Every structure is written in structure tokens, then in C-alpha cells.
Amino acid sequence: MRRILIADQLIDGFNQKPIKNGVLIVQDEKIEAVTTSDQIGNNPEGEIIKVPGGTIMPGFIEMHAHMHCSAEPEAYDHVTSESNQELLMRSVEAMRATLISGVTTVRDLGSKNEIAFAVKKAVQERKINGPRLLVTGTPITTTAGHCNFFGTEADTAESVISALRHQVKLGADYIKIMSTGGVFTPRSNVLAAQYTTEVLRLAVEDADRMGVRVAAHCHGTEGVVNCAEAGIHNLIHATWLSGDSAENWDYRPEIADMIAEKGLWVDPTIAIATIRTEKGIPFSDEEILASAVLSDMEGRFEILKDMWDRGVKFVAGLDTGMSYVEFGDFAYTPQTMVEGMGVSEMEAIICSTLSSAQCLGIDDITGTLEPNKSADVLIVAGDPLKDIKKLHDVDTIISQGHLIKRTGKVLI
Ligand SMILES: [Zn+2]
């Protein structure tokens, strides 16, 4: 089937300027051509999808999902008490919600193996609806460490390597390892490192050997530094929390330079506060006290902006499934990059598409609008280069050539 998408402008995902009166021609599951309305004649062959005032752009790439987590305030209780059958039903619904928000590729960054691998297979076989799905399987963590209840605990270098190989054997597209504790896991230490640089380095070397990349969760500065030194391909959060209770941050610009020089990607997961604020869910005093990210948002944005200015590559992850972070919420990430970090609208869109595809190693098939790439396309109603919030208003979605949404109406 041939489709002709016509709108006021087209963002291809790599040029800094949009193409005025852009037209995208899609043939079956591939992009055939990027052109303009004066080049297609009066009667082009195919189904015309025209959105006056709209913007054609690549589908979003969501870098950080936990498909079986509920996104409710009780997300921790749910994931630790529910049966695999219940978690599986949540995951199926989560993948659908992700797709109909305009996300055409998603990386699950840690879910139980019985769920993540089964859901990936079902999406691939089109038994259920979902975006292109890359999975890490269960995160590798220390005994009692962050997200230990997902199922893979490994304390020594040897056990980390064998846990990593086991995930690859099961079909992991990416490896997730927990470099520090996390707030989701009671009694894990957010500020302290869970692994030495040496253990992380061995994990990276073994992953390289097998052709997978490694993403590592890191909040406390000790864990961020270890990830940078070990050459972890994708740092998650990179929060730079100080180990000294008198300070919020322990930011090390020289380590940010190292992250930039090594070409490591950072997924700062910055949308949570924006989501809570815009949905009118206030933070409790306990939450603010417990979290520098909430009590000093300005400080966090300043650090991220400095990293950006030093040339660190950012990707767009939401951390869906964590409390209050729902699977249709992707557009809050580029919104927060613009409103909080002060990057341009175009840069935030490129982080949410091409940069994320590069970090996943799939930029040869998706992430930009170019001939022969997968037809993963959105038409946004309005101009997100003038108002980034327009990314919430997706009129049309095509995912791997399948029409998912048109004139705002979900078709699946
Ligand atoms: Zn996460």
C-alpha cells in the first residue's frame, strides 16, 4: 500500500531546519521518498493523508520503560506481589498505550524475563499491538540491590559476567546493570556504588564481544564516575547525588568531559517532575525531603545543561511504570528538555528520535525520515518547533507501515 503524507512542514530528524510543505511517501512498511507538495503532481497514486497545519516527523523512541510496572503510587507493591499472569496483562496494555502515544520504538530497561521476552515475541509476531521493542531482560544487580526482585542478583565479577551472558542467551538486545541503589528499592543505597569500575569494565568488554551494549542505572556520584571510567555505553539518570548529606550534588565536570569524549549516551529521565506538576499531583514533604531532584530542580537542570554544553549526547527516556509515569507520557521528556534544560525544540526532537536510535544501534533502520528506512512516522497537529507541547497532540501514527492513528482517532 502506498500512502502520501502531506503537511505544512516535515522534520526529517537530522537537518536542523524543517522542510516547508514537506511530503512523505510510504510504500508498505518502508519510506519511499521525502519530497515537497509541488513535486507530487495533482493526482499522486496512493492514499492521501493530509493534515493542514501539521508537522510530519519520525516516530518517538522511548528509551526507558518497565512494561510490567503499574505507574500507580503503589507500583512497588504491585510488581512485588502480583502474579506473572497479572504482570503480563499490564505489559500488553502498556505496549498498546505506548504505541498510540506516538512511540514507534521502545526499549524495556528492566522487567522480569518471563514477561519481557514473551511480550517482545508477541509484538514481533503481531499477536498484540506495540512499538518495535528492544528488551534488556532482568537488570543485573547485587544481592538485595536495586530491583533485586526482578530476578538477577550477581555480586562478583564472575557472576556478573555469567548473568550478562545468560540475558544474551535469552535474547536481550541490551544489558542493564545497576551501578547504584535506587529509590524504588527499599534498603538499597542510592548514594553508594554497587559495583567497582573494574567489574563494570569487564561487563562492557564481555558485552562488546557479544555485540550488545550496556546501560547502567546511576544516581550517586561514585556510581556515575564508575560508569564513565568503565565506558558504559548508556548512563541512566546520571544524577550526581552527593555522598555528603550537607550537599545535594557532587557534579564532576571533568567526568562529564570524559563521558563526552568517550561518546557515551546519557538518559537523564527528567520528565517526572513535569508530569506531576502538569497533572496536578503535588509532591509530599517527605518526597521533597528525600529527593534532591525534587527539592533542587534548578540545580539538576544546571548540571544537565553544563553536560550538554560539554558535548554529552542525550537520549530520551521516561522511566515508565514507575509511580505516576504512565506509558502514554513520552512527550513530557522533550518538553522538559526544552523547558528545563533550555535546549532548542529541534534538538529535543532529535534526542527523542535519531540520538536514541543511535544509542540503540538501530539508526540504519529507524530514527529519521529517509528512503528505505522503516515507515515509523507521526503527523503532529501543529508546530512543535514553535511550541514543544504540540508533541502531545499526535494526529497520525504509522508504525512499521501500519496505520495506528488517523485524524486523532486510534485505529487499533
Ligand atoms: Zn528505570
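User: Into which domains is the chain divided, and what makes these the bounds?

Analyst: In this predicted model, the chain is divided into domain 1, made of residues 2-58 and 368-410, and domain 2, residues 60-360. The bounds come from an automatic or database domain assignment. The C-alpha centres of the two domains, domain 1 and domain 2, lie 30 Å apart.

User: How do you know that domain 1 and domain 2 are in contact, and how many residues take part?

Analyst: Contact requires heavy atoms within 4.5 Å. By that rule, 29 residues of domain 1 are in contact with 22 residues of domain 2. The side of domain 1 that touches domain 2 draws at least two residues from each of β5 (47-58), β15 (394-399) and β16 (402-406). Of the contributions to that side, the one from β15 is the most, at four residues.

User: What area is buried between domain 1 and domain 2, and which residues of domain 1 supply the most of its share?

Analyst: The area buried between domain 1 and domain 2 is about 2,200 Å², and carbon and sulfur atoms give 69% of it. Ile388, Leu391 and His392 supply 24% of the area that domain 1 buries against domain 2, more than any other three residues.

User: What makes the pair of glutamate 278 and lysine 389 a salt bridge?

Analyst: The rule asks for a side-chain nitrogen of Lys or Arg within 4 Å of a carboxyl oxygen of Asp or Glu. The side chains of glutamate 278 and lysine 389 meet at 3.3 Å, N to O, and the pair therefore satisfies the rule. Across the interface of domain 1 and domain 2, two salt bridges are found. The count of residue pairs in polar contact between domain 1 and domain 2 is four.

User: Which residues coordinate the zinc ion, and what makes them donors?

Analyst: The zinc ion is coordinated by His64 through NE2, His66 through NE2 and Asp319 through OD, at 2.1 to 2.2 Å. The cut-off for this metal is 2.8 Å, so these atoms count as donors. Water is not among the atoms, so the site may look incomplete. Along the sequence, the donor residues follow the spacing H-x1-H-x252-D. Histidine 64 and aspartate 319 link distant parts of the chain, being 255 residues apart: histidine 64 is in strand β6 (residues 60-65), whereas aspartate 319 is in the loop between β13 (313-314) and α12 (332-341).

User: Why are histidine 64 and aspartate 319 each given the class they have, buried or exposed?

Analyst: A residue is called buried under 20% relative accessible area. Histidine 64 has 1% and is therefore buried. Aspartate 319 has 12%, so aspartate 319 is buried too.

User: Why is helix α6 described as largely enclosed by the rest of the structure?

Analyst: Helix α6 (residues 221-230) has 10 residues, and eight of them are buried, so the helix is largely enclosed by the rest of the structure. The buried residues are Thr221, Gly223, Val224, Val225, Asn226, Cys227, Ala228 and Ala230. They pack against α5 (197-210), β10 (213-220), β11 (234-241) and α7 (253-262). Just after α6, glycine 231 takes a positive phi of about 75 degrees.

User: How do you know that α12 is largely enclosed, and what does α12 pack against?

Analyst: Eight of the 10 residues of α12 are buried, and α12 is therefore largely enclosed by the rest of the structure. Its buried residues include Tyr332, Thr333, Pro334 and Met341. The buried residues of α12 pack against α8 (272-278), α11 (297-309), β13 and α13 (345-360). Glycine 342, just after α12, has a positive phi of about 80 degrees.

User: Why does threonine 333 count as buried, and which residues does threonine 333 touch?

Analyst: Threonine 333 lies in helix α12. Its relative accessibility is 2%, so threonine 333 counts as buried. Leaving aside residues up to four places away in sequence, threonine 333 touches Ile270, Ala271, Ala316, Gly317 and Leu318.

User: What makes the phi of asparagine 21 and of glutamine 400 worth a remark?

Analyst: Most residues other than glycine have a negative phi. Phi of asparagine 21 is near 50 degrees, a positive value in a residue other than glycine. Glutamine 400 has a positive phi of about 50 degrees and is not a glycine either. Asparagine 21 is found in the loop between β2 (19-20) and β3 (22-27), and glutamine 400 in the loop between β15 and β16.

User: Why are asparagine 21 and glutamine 400 called partly exposed?

Analyst: Partly exposed covers the range between the buried limit of 20% and the exposed limit of 50%. Asparagine 21 has a relative accessible area of 40% and is therefore partly exposed. Glutamine 400 has 31%, so glutamine 400 is partly exposed as well.

Definitions and conventions: Residues are numbered from 1 along each chain as its sequence is written. This is a predicted model: local features need pLDDT of at least 70, side-chain atom pairs count only at pLDDT 80 or more; totals for chains, interfaces and linings use all residues. Side-chain values use heavy atoms; hydrogens and water are left out. Donors are N, O and S atoms within 2.8 Å of the metal (3.2 Å for Na, K and Ca); water is not among the atoms, so sites may look incomplete. Buried means under 20% relative accessible area, exposed over 50%, partly exposed in between (1.4 Å probe, protein chains only). Buried area is the accessible area (1.4 Å probe) that two parts lose on being put together, summed over both. A polar contact is a pair of N or O atoms within 3.5 Å; within protein, one must be able to donate a hydrogen and the other to accept it, and residues adjacent in sequence count only if both atoms are side-chain atoms.
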